[in-house]
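Okay, everyone, thanks for coming. I'd like to walk you through a structure that's new to most of us, so let me put it up on the screen.

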Amino acid sequence: SVDADMLVNFKPGDESSNTYIHAAELLNEARAGAGVRFAYVLTAVGQNVYYALDASQEEAIGSLFEESYENLADAFSGREILDTTIYYTEDGTLISCYVPLKGNDGKVSAILGCDYDAEEIAKMMRINIIFVVILTAVGILLLGVVTIVIISRSLRPKRFDRLTLQK
């Protein structure tokens, strides 16, 4: 269980505190155990989203998060979000999800963000696209051949049987 109230109370500069380091280590252990590439906790102030905790301890508390509040509003309203968009970033090919974290008062005070490695998904999508393109090309080729055969047969002059002409 995560104490969301504690997470939102971290202030810039707390990154070196024992409490922050311990929370980041716990999040990092959970991240590794779940097969998550990146894990972080986010808070919102107005329409801005900020890091409250980063498992990798690379993002400072209060750093602006790159995703807009509008895209995360459902999570801040209490609903889980699975973003099905595959992002190609300098950190790799990722797919993200966001889970609301509720404080002692039952209200969402932060969200947990998790980025999963989506390279295998992206690879399968590329293979499927190639397969569809090849099948489409083969279908067009077959349609062209059938069309040519039908047109050539209909334009060919009819041969009459000699017996029919003699009568």
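Let's start at Ala34, which is partly exposed, with a relative accessible area of 48%. You'll find Ala34 in the loop between helix H2, residues 18-33, and strand S1. One thing to say before I go on: this is a predicted model, so please hear everything that follows in that light. Now, how far apart in space are Ala34 and Tyr116, C-alpha to C-alpha? They're 82 residues apart in sequence, and the answer is 9.6 Å.

From that loop we walk into S1. It pairs with two partners I want to show you. With S5, the pairing is antiparallel, over five bridges, and there you can see Leu42 standing opposite Ile111 in S5. With S2, S1 also runs antiparallel, and here six bridges join the two. If you want to find your place on that side, look for Ala44, opposite Val49 in S2, or for Tyr40, whose bridge partner in S2 is Asp54.

The turn from S1 to S2 is a hairpin with two residues between the strands, and Gly46 there takes a positive phi near 65°.

While we're on S1, click on Thr43, which lies in that strand. Is Thr43 buried or exposed? It's buried, and since the cut-off for that is under 20% relative accessible area, its 14% qualifies. Leaving out residues up to four places away in sequence, Thr43 touches Val8, Asn48, Val49, Tyr50, Ala52, Phe76, Ser109 and Ala110.

Next door, S2. Five of the seven residues of S2 are buried, so this strand is largely enclosed by the rest of the structure.

Coming out of S2, we get to the loop between S2 and H3, and that's where Gln57 sits. Gln57 has a positive phi of about 60°, although it isn't a glycine. As for accessibility, Gln57 counts as partly exposed, at 38%.

That brings us to helix H3, residues 69-76. Which residues of H3 are buried? Tyr69, Leu72, Ala75 and Phe76 are. Look down the helix axis and you'll see those buried residues fall within an arc of 100°, so they line one face of the helix. And what do they pack against? Strands S1, S2, S3, S4 and S5, the last of these being residues 108-117. You've met one of these contacts already, from the other side: Phe76 is among the residues that Thr43 touches. After H3 comes Gly78, with a positive phi near 110°.

On to S3 and S4. A hairpin joins them through two residues, and the strands pair in the antiparallel sense over six bridges. For a landmark, take Tyr87, whose bridge partner in S4 is Leu94.

Leu94 deserves a stop. It's in strand S4, and at 6% relative accessibility it counts as buried. Setting aside its neighbours within four places in sequence, Leu94 is in contact with Arg37, Phe38, Thr85, Ile86, Tyr87, Thr89, Asp115, Tyr116, Asp117 and Ala118. If you measure from Leu94 to Ile121 on your own screen, 27 residues along the chain, you should get 9.5 Å between the C-alpha atoms.

Last stop: empty space. The idea is simple: roll a probe the size of a water molecule over the atoms and you see where empty space is left. Here, the largest pocket holds about 440 Å³. Which elements give two or more residues to its lining? Strands S1 (38-45), S2 (48-54), S3 (81-89) and S4 (92-102) do. The largest share, three residues, comes from S4.

In total 18 residues line this pocket, and those nearest its centre are Tyr51, Glu66, Asp91, Leu94 and Asp115. So there's Leu94 again, and Asp115, which we saw in contact with it. By type, the lining divides into seven nonpolar, three polar and eight charged residues.

To recap the route: we began at partly exposed Ala34, went through S1 and its antiparallel pairings with S5 and S2, then past H3 with its buried face, and finished at a pocket lined by 18 residues. Thanks, that's my tour, and I'm happy to go back to any of those stops.

Technical notes
Residues are numbered from 1 along each chain as its sequence is written. This is a predicted model: local features need pLDDT of at least 70, side-chain atom pairs count only at pLDDT 80 or more; totals for chains, interfaces and linings use all residues. Side-chain values use heavy atoms; hydrogens and water are left out. On a 1 Å grid over the protein atoms alone, a cavity is a set of points where a 1.4 Å probe fits but cannot get out, and a pocket is an open set with protein on both sides within 12 Å along at least five of seven lines; lining residues have an atom within 4 Å of a point. Grid points are joined across faces, edges and corners, and a volume is the space filled by probe spheres set on the points. Helices (H or I, at least four residues) and strands (E, at least two) are DSSP runs, numbered from the N terminus. Ala, Val, Leu, Ile, Met, Phe, Trp, Tyr, Cys and Pro count as nonpolar, Asp, Glu, Lys and Arg as charged, and the others, Gly among them, as polar. Two strands pair if DSSP finds at least two bridges between them. Buried means under 20% relative accessible area, exposed over 50%, partly exposed in between (1.4 Å probe, protein chains only). The arc is that of the directions from the helix axis to the C-beta atoms. Contact means heavy atoms within 4.5 Å.
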